[in-house]
Amino acid sequence: MKQGPADDLHVGLKLLTAGTSACIADLATFPLDTAKVRMQIAGEGRALLLASTEGSMLAMRASQPGLVETMGNIVRAEGARSLYGGLSAGLQRQMCFASVRLGLYDSVKSLYAGIIDGNNRSGSMNIGVRVMAGITTGAMAVLFAQPTDVVKVRLQAGSSGRSSVRYSSTLQAYKNIATVEGTRGLWKGTMPNISRNAIVNVAEIVCYDIIKDMILASGYLRDGIPCHLTAATTAGLCTTLAASPVDVVKTRYMNSAPGEYKGAVECAVRMFVQEGPGAFYKGFVPSFTRLVSWNIVLWVTYEQIKKHLKTMYANE
């Protein structure tokens with residue numbers, strides 16, 4: 001069956017293409033994501049107590065290792081496979097998250113454009129429409145896939161995690177969390193994750209969308225891999241700067257033991273009081289490295305798969 005214009009692939013194909021592209025990107029960058037999680041949870045309640053000359057106790061935070069040292073420590077202590085701890089949950093997450101937040105983005109953008117001015121083509125160029133579409137699909141993705149994110153974070157945290165239970169497999173993690181913590185445990189951190197994913201979607205997908213259109217409009221590059229690489233790199237930087245604080249809070253809260261925090265707000269406040277504002281950008285280097293490389297792999301793969309699908313359907 002023939003599709004319409006080039007951008008009008010069937011929504012099912014868009015969902016599958018987005019999820020597949022995100023899984024490929026995750027496979028390529030997962031060790032960086034694991035290092036990011038370890039660096040984000042580092043320092044939770046681990047201040048050093050030193051006696052001063054007056055006899056009082058001074059609290060000092062130990063310096064944290066960098067990206068390379070963190071990855072080296074994981075490999076030495078737990079083996080190289082630990083860098084891929086939670087990979088199956090991560091791939092499940094991407095098939096749910098990315099298929100919704102990226103696969104439905106164009107459709108939601110066109111829907112909002114039609115509501116606003118009745119003209120899908122011109123309305124979809126509106127920045128407000130793009131931002132609304134990014135927030136909507138980002139929030140929808142969390143509601144679908146939150147349990148996969150909780151399990152992924154717990155498995156990546158490994159023995160460094162605050163949860164008293166460690167998991168032998170992805171399936172065992174789902175079962176244990178559901179049994180011990182109930183449904184609320186599987187959806188733990190939903191609100192900070194909705195906030196994070198809305199920010200990520202706007203910074204990642206909307207930035208990519210806008211930058212790509214600007215590049216094409218300027219005439220400097222054609223719609224090809226160099227254009228996609230440039231837009232993806234910029235989108236990765238924007239995403240890291242915008243999403244790091246809420247990402248750290250989300251990771252800490254999801255990885256916490258039951259009852260450790262009353263909510264994500266208390267988690268953020270305690271981080272600020274105990275570790276200072278710099279705690280909100282813990283793991284920034286691996287976050288930046290991962291998000292830029294992840295965006296490059298994602299967008300180049302996504303655009304190439306779409307291109308081949310459009311050619312295939314055009315020839316039918």
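How many residues of the lining of the second largest cavity are nonpolar, how many polar and how many charged? The split is 2 nonpolar, 3 polar and 4 charged, and the first view shows where they sit.

This is a predicted model, where local features need pLDDT of at least 70, side-chain atom pairs count only at pLDDT 80 or more, and totals for chains, interfaces and linings use all residues. Residues are numbered from 1 along each chain as its sequence is written, and side-chain values use heavy atoms, with hydrogens and water left out.

**View 1. The second largest cavity holds about 60 Å³ of space.** Its lining is made of Lys36, Arg196, Thr240, Ala243, Ser244, Asp247, Ser287, Arg290 and Leu291. Helix 9 (225–255) and helix 11 are the elements that give two or more residues to this lining. Helix 9 supplies the largest share, 4 residues. A cavity here is a set of points on a 1 Å grid over the protein atoms alone where a 1.4 Å probe fits but cannot get out, and a lining residue has an atom within 4 Å of a point. Points are joined across faces, edges and corners, and the volume is the space filled by probe spheres set on them. For the class split, Ala, Val, Leu, Ile, Met, Phe, Trp, Tyr, Cys and Pro are nonpolar, Asp, Glu, Lys and Arg are charged, and the rest, Gly included, are polar.

**View 2. The largest cavity takes up about 140 Å³.** It has 15 lining residues, and the closest to its centre are Arg93, Gln94, Arg101, Arg196 and Arg290. Two or more lining residues each come from helix 1 (11–41), helix 3 (87–101), helix 8 (190–218) and helix 11 (284–314). The class count is 4 nonpolar, 2 polar and 9 charged. In total, the structure holds 2 cavities of 30 Å³ or more.

**View 3. Zooming out, the whole fold has 11 helices and 2 strands.** Both kinds of element are DSSP runs numbered from the N terminus: H or I of at least four residues for a helix, E of at least two for a strand. Read from the N terminus, the order is α-β-β-α-α-α-α-α-α-α-α-α-α. Of the 316 residues, 51% count as buried, meaning under 20% relative accessible area, while exposed is over 50% and partly exposed lies in between (1.4 Å probe, protein chains only). Residues 24 or more positions apart make up 77% of the contacts with a separation of 6 or more, a contact being heavy atoms within 4.5 Å. The exposed surface comes to about 14700 Å², and carbon and sulfur atoms supply 65% of it; the areas come from the Shrake-Rupley method with a 1.4 Å probe, and for residues only the protein chains shown count as cover.

**View 4. Lys152 is a lysine that counts as buried, at 5% relative accessibility.** You'll find Lys152 in helix 6 (residues 127–157). Setting aside neighbours within four places in sequence, Lys152 is in contact with Phe30, Asp33, Gly86, Ala89, Gly90 and Arg93. Ala173 is 21 residues away from Lys152 in sequence and 9.2 Å away, C-alpha to C-alpha.

**View 5. Ser82 sits in the loop between helix 2 (67–78) and helix 3.** Its relative accessibility is 17%, so Ser82 counts as buried. Not counting residues up to four places away in sequence, Ser82 touches Thr34 and Ile74. From Ser82 to Ala157 it's 75 residues in sequence and 9.6 Å between C-alphas.

**View 6. Gln304 and Ile305 sit side by side in numbering, and helix 11 holds Gln304 as well as Ile305.** Gln304 is partly exposed at 22%, and Ile305 is partly exposed too, at 25%. Ile305 contacts Thr17 and Ser21, leaving aside neighbours within four places. Ser21 is 284 residues from Ile305 in sequence but 8.3 Å away in space, C-alpha to C-alpha. For Gln304 and His228, the figures are 76 residues and 9.9 Å, again C-alpha to C-alpha.

**View 7. Cysteines without a bridge: a search of the whole structure finds 0 disulfides.** A disulfide is a covalent bond between the sulfur atoms of two cysteines; here the test is a pair of cysteine sulfur atoms within 2.5 Å. Why is Cys207 not bonded to Cys238? The sulfur of Cys238 is the closest cysteine sulfur to that of Cys207, but at 4.0 Å it's too far for a bond. Cys23 has its closest cysteine sulfur in Cys96, 9.2 Å away, which is also too far. Cys23 itself counts as buried, at 12% relative accessibility.

Notes. 1 Å grid on protein atoms, 1.4 Å probe; cavity = no way out; pocket = protein on both sides within 12 Å on 5 of 7 lines; lining within 4 Å.
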